[in-house]
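Please open the model in your viewer and keep the sequence panel beside it. This tour moves from the whole chain to two single residues, with a suggestion at each stop about what to select.

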Amino acid sequence: MQLTISEKIRLILGRRNLTLTDLAVKLGTSRQNLSNKMSRDNFTDKDIRQIAAALDCTYNSTFTLNDTGETV
């Protein structure tokens with residue numbers, strides 16, 4: 001079973017000993033706004049990249065064409 005983005009963020013927060021409030025502060029947003037996005041699992045690619053930077057992580061988002069193996 002694959003983890004959702006929200007589940008992955010919570011996992012990283014735990015490994016970094018950070019709370020959702022800590023992350024919201026790093027992102028310059030409210031805890032409520034971040035919590036709403038987490039509960040809906042509703043993130044833009046830009047959101048995810050900002051979260052990754054705030055958590056000192058590298059985020060990779062790619063499509064791989066199954067017939068050619070080409071990565072976009």
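Helices (H or I, at least four residues) and strands (E, at least two) are DSSP runs, numbered from the N terminus. Begin with the whole protein chain in cartoon view, where you will find 4 helices and 0 strands, following one another from the N terminus as α-α-α-α. This is a predicted model, in which local features need pLDDT of at least 70 and side-chain atom pairs count only at pLDDT 80 or more, while totals for chains, interfaces and linings use all residues. Residues are numbered from 1 along each chain as its sequence is written, and side-chain values use heavy atoms, with hydrogens and water left out.

**Colour by confidence**

Colour the chain by pLDDT, the predictor's confidence in each residue, from 0 to 100. The mean for the protein chain is 95, and 100% of its residues reach 70 or more. Select helix α2 (residues 20-27), where confidence is highest at a mean of 98, and then helix α4 (residues 45-54), where it is lowest at 96.

**The chain as a whole**

Zoom out, and the C-alpha atoms fill a box of roughly 45 × 25 × 25 Å along the principal axes. Now switch on the surface: of the 72 residues, 22% count as buried, a word that here means under 20% relative accessible area, with exposed meaning over 50% and partly exposed in between (1.4 Å probe, protein chains only). Contact means heavy atoms within 4.5 Å, and of the contacts with a separation of 6 or more, 41% are between residues 24 or more positions apart.

**Lysine 37**

Select lysine 37, which lies in helix α3 (residues 31-40), and show its surroundings. Which residues does lysine 37 touch, not counting those up to four places away in sequence? They are Ser6, Asn42, Phe43 and Asp47. With aspartate 47, the side chain of lysine 37 forms a polar contact of 2.8 Å, a term for a pair of N or O atoms within 3.5 Å, of which, within protein, one must be able to donate a hydrogen and the other to accept it, and residues adjacent in sequence count only if both atoms are side-chain atoms.

**Serine 61**

Finally, move to serine 61, in the segment after α4. Is serine 61 buried, partly exposed or exposed? Its relative accessible area is 38%, so serine 61 is partly exposed. Leaving aside neighbours within four places in sequence, serine 61 is in contact with Asp45 and Arg49. Draw a distance from its C-alpha atom to that of valine 72, 11 residues apart along the chain, and the separation is 9.0 Å.
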